[in-house]
Amino acid sequence: MHILLAASAFNSLTQRVHAELRDRGHSVAVELALPGVSLAEAVDRHRPDLVLAPMLKTPIPREVWSAHTCLVVHPGPVGDRGPSSLDWAVTEDATRWGVTVLQACEEMDAGDVWATADCPLPPVGKSDAYRGEIADAALSAVLTAVDRFASGTHVPERQRSGRARPYLRQELRRIDWANDSTQSVVRALRAADSQPGVLDEMLGGQWFLHGGHPEDRLRGRPGELIATRAGAICRATADGAVWIPELRARRAAGEPGQPGQPAPVKLPATLALGDRLPPLPEIPAPPYAADADPDGPRTWSDITYREQGGAGFLTFSFPGGAMSTAQCRRLLAAYREACTRPVSVLVLGGGRDFFSNGIHLGVIEAAADPAEESWANINAMDDLVEAVLTTTDRFVVAALGGNAAAGGAMLALAADEVWCRTGVVLNPHYRLMGLYGSEYWTYTLPRRTGTGVAERLTTEALPISAEAARRLGLVDRTIDCAPQAFADETSRLAVRVADSPAVLSRIAGKKARRDADESVRPLAAYREAELARMREAFFDPQAPYHALRRAFVRKEPADRTPAHLERTVPGRRTAALPSRRPRVTGPAEQDRAPGPAGC
């Protein structure tokens, strides 16, 4: 079929649906719901067999849903209605949730049900669950609904009742630092992650707090800042403390701010606070993995190391997958330390959310000299990738439990093998940010896929699924498991590899291959050529990179759907299906679209 995805943004779920539908032979196009852009005209232009809305925050117009079957993905079980479905689920500490694919009609979220899928809801941030368990359930329901629509015989089930819940406003998210427990504070922060954050007052300013992790040992007067760690701040609660990794300043004129005023950038907490931050002790992370002792005290670190059998596991988790200069350097130091350990297999990654999305565009945007910070950041990334590429005394695995893009995808390719959870989406390209790219991609990517496929991936700039990546040679192993099980599955496989006699021969062959490649063209030559192109983009004030970076981090709305998404992606096209007029299920009641507040 030819399917049109109508979406408010090409977010993680929209990308996954896009990639998985293409894998199954459908041709897929995207139309972003933008101010002043007519979805009706877009539908007439694309002439789709089916309109599918994976994440839409504006209503589908009557002239569209009355003439075409339009299926909307709602991140809640049957009967749940409203724009803050997942926010409420996390707030109320739900342990199971679901996704419903329903037919668009007059009343929001009240249409006939085409498919539904339930899923566990682990105690993680909303956006983490959205990219993990919710995305898995959504994809299952979407594929079922698409197959049912294609059959031409399925009759969707009418909803008998529903519970419409309001938008979860900031006054309902407010934290009472004097009385709220650590558990309550963490839950409020998780329900607002990564958008909209929890609005709070601190050090004479108003901030949106992003991310929250419990701390059991540190204590202080409730509400006061008591420590820092790796850019995060630790704030005391009524019975403990929480670590808050990121802050976003509230606009001086209030949210949403005056037209034309740039949106504040989400930044590491200590960087956002700047000179406001009083002298606080920098408390280093404990020298063991946070989950090494499930019954022990809880704390937070964005980089952890542990060992099991003959395998070492260097896990890192940076908000949004972005890696600043400082984060790259800390991870490089941890990697070098891990390489001194007596293990034959070293696993890099293995967490359940983002692996990496490359350089930290937010920190770059906030820098006094964005060009200089861009240059420092890309060189720090290159140093890390070079360390992985030149590790010849052990077998290195990149374990991707979550998505990876740009330089983060290329970091994974530096390992000897790439293991990927089946739900992962990869974006191995840089073009959309106006960059040529570095991280030795001109060495690693063609080596895995061939030059033709490497060129196509980097120029088309489209997301690909884990299974498609495996077929192309980007991924060596896909692991079909739930997000919460990925770490255990990775550990089991890594220990088995470490126990295998074959691993020693594979390690022995690494140095010979690296020496042979070095004799043909040194790694330094790849780096020099890539960085020459990057330097041009960074230090030319008229280069597209600066405007594209600014628009991305400050969430400036686009004026049209990008051309690479708007055109149809070739697939195994079936005969066009007749447009079917859906039945209306209720009176007009809302003008909001279903979906999360934004992830």
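Here are some questions and answers about this predicted model.

Q: Around which residue is the kink in H5 centred?
A: Helix H5 covers residues 126–151 and reaches 35 Å from its first C-alpha to its last, close to the 38 Å expected at 1.5 Å a residue. The helix still has a kink of about 45°. That kink is centred on Ala135.

Q: How many residues of H5 are buried?
A: H5 has 26 residues. The helix is largely enclosed by the rest of the structure, because most of its residues count as buried, and the number is 19 of the 26.

Q: Which residue just after H5 takes a positive phi?
A: H5 runs over residues 126–151. Just after the helix comes a phi of about 75°, and the residue that takes it is Gly152.

Q: How far apart are the end C-alpha atoms of H17?
A: Helix H17 holds 19 residues, 502–520. At 1.5 Å a residue they should span 27 Å. The separation in the model agrees with that expectation, so the answer is 27 Å.

Q: Is Ser344 buried or exposed?
A: Ser344 is found in the loop between helix H9 (325–338) and E19. Its contacts, leaving aside neighbours within four places in sequence, are Gly310, Arg394, Phe395, Ala498, Val503 and Ile507. Two residues named there, Val503 and Ile507, are also among the buried residues of H17. With a relative accessible area of 17%, under the 20% cut-off, Ser344 is buried.

Q: Which elements are included in what covers the buried residues of H17?
A: The buried residues in H17 include Gly509, Lys510 and Arg514. What covers the buried residues of this helix includes two strands, E19 (345–349) and E20 (395–400), along with helices H11 (370–389), H13 (441–449), H16 (486–499) and H18 (523–539).

Q: What is the bridge partner of Leu4 in E2?
A: Strands E1 (residues 2–7) and E2 run parallel and are joined by 6 bridges. Together with helix H1 (residues 12–23), they make a right-handed β-α-β unit. In E2, Ser27, Ala29 and Glu31 point one way and Val28, Val30 and Leu32 the other way, and all are buried. The partner of Leu4 is Ala29.

Q: Which helix gives the largest share of the largest nonpolar core?
A: This core has 89 residues, and those touching the most other members are Leu209, Leu247, Leu314, Tyr335, Leu400 and Leu411. The largest share is 8 residues, and it comes from H11.

Q: How many residues are in the second, separate core?
A: The members of this core include Val99, Cys119, Phe149 and Leu462. Its size in residues is 44.

Q: Which residue takes a positive phi in the hairpin of E17 and E18?
A: Strands E17 (residues 303–308) and E18 (residues 311–316) pair in the antiparallel sense over 6 bridges. Gln308 stands opposite Ala311 in E18. The hairpin has 2 residues between the strands, and the positive phi near 60° belongs to Gly309.

Q: Which strands stand at the edges of the open sheet E21-E23-E24?
A: This sheet has 3 strands with mixed pairing. E21 and strand E23 (residues 425–427) pair in the parallel sense over 2 bridges, and Ala404 has Leu426 of E23 as its bridge partner. Each edge strand has a single partner strand, so one side of each is left without a neighbour in the sheet; these strands are E21 (404–405) and E24 (464–465).

Conventions: Residues are numbered from 1 along each chain as its sequence is written. This is a predicted model: local features need pLDDT of at least 70, side-chain atom pairs count only at pLDDT 80 or more; totals for chains, interfaces and linings use all residues. Side-chain values use heavy atoms; hydrogens and water are left out. Helices (H or I, at least four residues) and strands (E, at least two) are DSSP runs, numbered from the N terminus. The expected span of a helix is 1.5 Å times one less than its number of residues. The bend at a residue is the angle between axes fitted to the seven residues ending there and the seven starting there. Buried means under 20% relative accessible area, exposed over 50%, partly exposed in between (1.4 Å probe, protein chains only). Contact means heavy atoms within 4.5 Å. Two strands pair if DSSP finds at least two bridges between them. A crossover is right-handed if, with the strands pointing away from the viewer, the path from the first strand over the helix to the second runs clockwise. A nonpolar core is a set of buried Ala, Val, Leu, Ile, Met, Phe, Trp, Tyr and Cys residues joined through side-chain atoms within 4.5 Å.
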